[in-house]
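Good morning, and thank you for coming. Today I shall present one protein model and how two of its helices pack. Please look first at the sequence and the structure.

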Amino acid sequence: MSEFKPLVFSGVQPTGNLHLGNYLGAIRKFVALQESHNCIYCVVDLHALTAQIVHQDLVGQTRSITAAFLAAGIDPKAHIVFNQSRVPQHAELAWIFNCVARIGWMNRMTQFKDKAGKDRENASLGLLAYPSLMAADILLYRATHVPVGDDQKQHLELTRDIAQKFNSDFSDRIAEIGLGVEMQVGKELINGYFPLTEPLIDGPAPRVMSLRDGTRKMSKSDVSDLSRINLTDDADTISKKIRRAKTDPQALPSDVEGLVGRAEADNLVGIYAALCDRTKAEVVTEFGGQQFSAFKPALTELAVDVLSPISEEMRRLLNDTTHIDAVLADGGERASAIADRTMTDVKHIIGLQC
């Protein structure tokens, strides 16, 4: 029985500055995955249009995401780094998946409900169909694995549903023209073209919260720049933001149970733990009983040590974008070669092409 070649796909949307939460929750994992998998990393600029159809600096933000990939250690020669709009097959396959997916599936997406709010009738169709494009992003390369956070698990489940329905609807045709791979779906053995992509979950992802409010996630869209550490921040800025980070008057506890109900303390301890690959328990064992006036300087030193090389390299790359543009052009060509093969196959399968 033939098998799908293991391949990782993931994308980052170019809306706002990348921050510490993006690095710890996603980009650092991307870097680690390239040691064990073939990887495709995409700046999903088409997805950015669901939030705002006209962006003043979408090209600049796309370059910034790419700079972060490169500065963090992603190798664009060994793997593929590109921006989505360079490969028109993403949109082409998304339309086919719009015809495969059911409206009921889309209406159940919690992210659409959250973003559309009470005024759902005035939301764009693109926002509703966003998960279909996301499925196309992944399955255009027949990716077998995607690193996901909690907010994307439902979208990956939908991707699997779309792949499974496509495979089931066209099972006979796929077998007839010899393009499928045998796979077990429940009790049924089918001949499928698309893999049922699996989530890659490497332990609990660090949940990085706002430096101004420990109950809210660190966000690109927060009005206060003091709420986040941007990947382009220099050492002085990082120091200032940590120094001004909200805390409470109590000393740090000596066990993790003591962090319950102390959102800001829990956040800062979690950031320290994530930056040095330790557990929160190990961190509070070391710093338990100390005041934040002693802990914050230690956190600042660690954050600067980890992030400064990345921020310095990002600023260097962004000062002359020639290399970034060359990486995206090369990645786009290599991604297009794979995408073209997939779309040719899909057109044969569904009868658009003889």
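**A helix pair and the nonpolar cores**

I begin with a crossing: helix H11 passes helix H13 in a left-handed manner, meaning that the near helix is turned anticlockwise from the far one by less than a right angle. Helices here are DSSP runs of H or I with at least four residues, and strands are runs of E with at least two, numbered from the N terminus.

This is a predicted model, in which local features need pLDDT of at least 70, side-chain atom pairs count only at pLDDT 80 or more, and totals for chains, interfaces and linings use all residues. Residues are numbered from 1 along each chain as its sequence is written, and side-chain values use heavy atoms, leaving out hydrogens and water. The mean pLDDT, the predictor's confidence in each residue from 0 to 100, is 90 for the protein.

Which residues of H11 meet H13? Among them are Leu268, Val269 and Tyr272, contact being heavy atoms within 4.5 Å. By class, this contact has 13 nonpolar residues, no polar ones and one charged residue.

Phe295 also touches Leu252, Val283 and Phe287 among others, not counting residues up to four places away in sequence.

The largest nonpolar core (buried Ala, Val, Leu, Ile, Met, Phe, Trp, Tyr and Cys residues joined through side-chain atoms within 4.5 Å; buried is under 20% relative accessible area with a 1.4 Å probe, protein chains only) has 57 residues. Its largest share, 11 residues, comes from H13, residues 292-319. Apart from that core lies another, of 51 residues, including Ile80 and Val185.

Key. Buried < 20%, exposed > 50% of the residue type's maximum accessible area, 1.4 Å probe, protein only. Nonpolar A, V, L, I, M, F, W, Y, C, P; charged D, E, K, R; others polar.
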